[in-house]
Every structure is written in C-alpha cells, then in structure tokens.
Amino acid sequence: MSRLDPAQYVAHLRRESTRFRDVLTTTPAVARVPSCPDWDADDLLWHLGEVQWFWGEVVGSRPAGPPEEHPARPADREGLLAFFDEASERLAALLGSLPPDEPAWTWADEQTVGFTQRRQAHEAMVHRLDAELAAGAVTALPAELAADGVAEVVDVMKGGEPPAWGAFTPDGHTTALELTDTGDRLVLRTGRFTGTDPGSGTAYDVPHLVRAADDAPADAVVRGGAADVDAWLWRRTDRARLAVSGSEAAFAAFLDAVDQPID
C-alpha cells in the first residue's frame, strides 16, 4: 500500500531526476557504474532517459498500451542530456496533472496512473544512487521515500498476493524488516509462487513473499534505517549497516526471494 500522496511522489520524481542529472553532468561518460557493472555513466543516463520517455508515452496515450517503437539513442553526451531533459520534464508534468485513479496501462495488475507515479519516483531514486556510486559521492536517500520503497519491493517487485491464476505456497518461515528511523515494521511470509499466466503462457515456479500482519511474530529480523534496507533490497549496497537476528533458515528463505537484482 502506498504511503505517500501523488504530489509527494511527483515531487520526489523531480528532485531525484534533477540530482541524477546534476551528478552525471560532471561524471566522465566512461565512468563505470558499480551497481550496474555492464553500464558506464552514459549508459545509465540513456537508461533512465528511455525509461522516463517510455512512461511518458504510456501515460500520455492512456489507456492504450506501451509504444511499439522506441527512439534511437543519441550519439553523444549533449544529445543524451537533451533527450533526458525533455523526457523527464514531460513525464513529471503528466504525472503531476493527473489523479492517481486515472486508468493507464502498466505491467502490473494495478492499471492506474498512481502505480506509475509511485514506481517512477522509486526508479529515479535508485538510479540517482547509481549515478552517485559512479561518481563516488553518495548522499542519503530520503527516509520517507525509502521506507515506501521497502514496501514496494516486498509488495510489488518481489511479492504480493498472487493473481487468480496463481498460487502461493508458504514454507512456514517469516522475516520482519524493522526500519529503525521511520518505525515501520513489515513481516513477510516466504514460499513459492506457481502458476501459468493465461495471457502470455509464461509458467512460474519462483520464490515469493506475501505480507503478514505488521505486528505478527517473525522467525528472523532485519533491522536498519529505511535507506539502508531499501538500498540493500535493490542490491545497491551490502548489509554491513544492517542487524540480522533469529532463524538462519528463515533469513535464507527471505534472501532466496529477493536474491535477483532489479534493474
């Protein structure tokens, strides 16, 4: 469940996108991105620019589906920055002008503008962190947005209630994420999601997370600041700043569910 309102998500999208651009403007094009080893700084700039262009097209043509053709990548840094500026401003302006319940295509079950308002605020924040890692000058993630990001990872990106065509089989383990600066506590049941998507024909049999009550007992506990937990879940940092306690088996099951990186 989202914890911020649409205006807050759009404000975060603008701030994080501006910081992302500012950092990369002074970062050499060939600087490697440690959190995305296959990319250099210009690859990262193109990636977020194309992502924001894509969702601007989706929201701008709502409720139609995604665009069939994508723009060609500009040949130099100047062109990349110009493309990013146009795409980023268009996306923020569109998302800031629409109510969250407006119908719009997404890749998720939730087909609303609100889904994209939330998702793109987090996309910009995580890639801002990537840019800072490339530049060697990391600044703090905003705690309020990071706490919402933790919930988004476990509720949307790596978990959530299964669709009607799938099933979740719990393995009997639970893990709590306790965010020490915001006071949030999220308890996750681990298990496997199975089923075949009737639309695509894709069969699934993967580790999965489903939320339990926030005050439910947990076999394992991960404690840390919201920014540290969010960055760790996104594979942008290790867990050196986190405290892990309780059942090793439960924590291992949780790790299995969040092990793959999210680009």
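**Notebook: a pocket, ring pairs and salt bridges**

**Entry 1. The second largest pocket**

I began with the second largest pocket, which holds about 190 Å³ of space. I noted at once that the model is a predicted one. I then looked up the lining of this pocket and found 15 residues, with Val138, Ala227, Asp228, Ala231 and Thr237 lying nearest the centre. Two elements give two or more residues to this lining, namely helix 4 (113-135) and helix 6 (226-233). Helix 6 gives the most, with 3 residues. I also sorted the lining by class and recorded 8 nonpolar, 2 polar and 5 charged residues.

**Entry 2. Aromatic pairs**

I next looked up the aromatic pairs, and the structure holds 11 of them. I examined tryptophan 46 and phenylalanine 83, whose ring centres are 5.2 Å apart; their planes stand at 40 degrees, so I entered the pair as tilted. Tryptophan 46 belongs to helix 2 (residues 41-60) and phenylalanine 83 to helix 3 (residues 77-97), so this pair ties together parts that are 37 residues apart in sequence. Are these two residues buried or exposed? Tryptophan 46 has a relative accessible area of 12% and is buried. Phenylalanine 83, at 15% relative accessibility, also counts as buried, because the cut-off for buried is under 20%.

I then turned to tryptophan 232 and phenylalanine 251. Their ring centres lie 6.3 Å apart and their planes are at 15 degrees, so this pair is stacked. Tryptophan 232 is in helix 6 and phenylalanine 251 in helix 7 (residues 248-258), so the pair ties together parts that are 19 residues apart in sequence. I found tryptophan 232 buried at a relative accessible area of 10%, and phenylalanine 251 buried at 7% relative accessibility.

I also recorded one aromatic cluster, formed by Phe54, Trp55 and Trp105.

**Entry 3. Salt bridges between helices**

Side chains of opposite charge can pair when their charged atoms come close. I looked up such pairs here, and the structure holds 20 salt bridges. One of them joins arginine 90 to glutamate 57, with 2.6 Å between the closest N and O atoms. Arginine 90 lies in helix 3 and glutamate 57 in helix 2, so the bridge ties together parts that are 33 residues apart in sequence. I entered arginine 90 as partly exposed, at 36% relative accessibility. Glutamate 57 is likewise partly exposed, at 26%.

Another salt bridge is formed by the side chains of arginine 118 and aspartate 148, at 3.0 Å from N to O. This pair links distant parts of the chain, 30 residues apart: arginine 118 is in helix 4 and aspartate 148 in helix 5 (residues 143-157). I found both arginine 118 and aspartate 148 buried; the relative accessibility of arginine 118 is 7%.

**Entry 4. A salt bridge within helix 4**

Which element holds both glutamate 132 and arginine 128? Both lie in helix 4, where they are 4 residues apart, about one turn of the helix. Their side chains meet in a salt bridge of 3.0 Å, N to O. I recorded glutamate 132 as buried, at 0% relative accessibility. Arginine 128 is buried too, with a relative accessible area of 4%. Finally, I looked up the wider setting of this bridge: Glu16, Arg19, Arg128 and Glu132 are linked in a network of salt bridges.

Technical notes. Residues numbered from 1 in each chain as written. Predicted model: local features only at pLDDT ≥ 70, side-chain atom pairs only at ≥ 80, totals over all residues. Heavy atoms only, no water. 1 Å grid on protein atoms, 1.4 Å probe; cavity = no way out; pocket = protein on both sides within 12 Å on 5 of 7 lines; lining within 4 Å. Points joined across faces, edges and corners; volume = space filled by probe spheres on them. Nonpolar A, V, L, I, M, F, W, Y, C, P; charged D, E, K, R; others polar. Buried < 20%, exposed > 50% of the residue type's maximum accessible area, 1.4 Å probe, protein only. Phe/Tyr/Trp six-rings, centres within 6.5 Å; stacked < 30°, edge-to-face > 60°. Salt bridge = Lys/Arg side-chain N within 4 Å of Asp/Glu carboxyl O.
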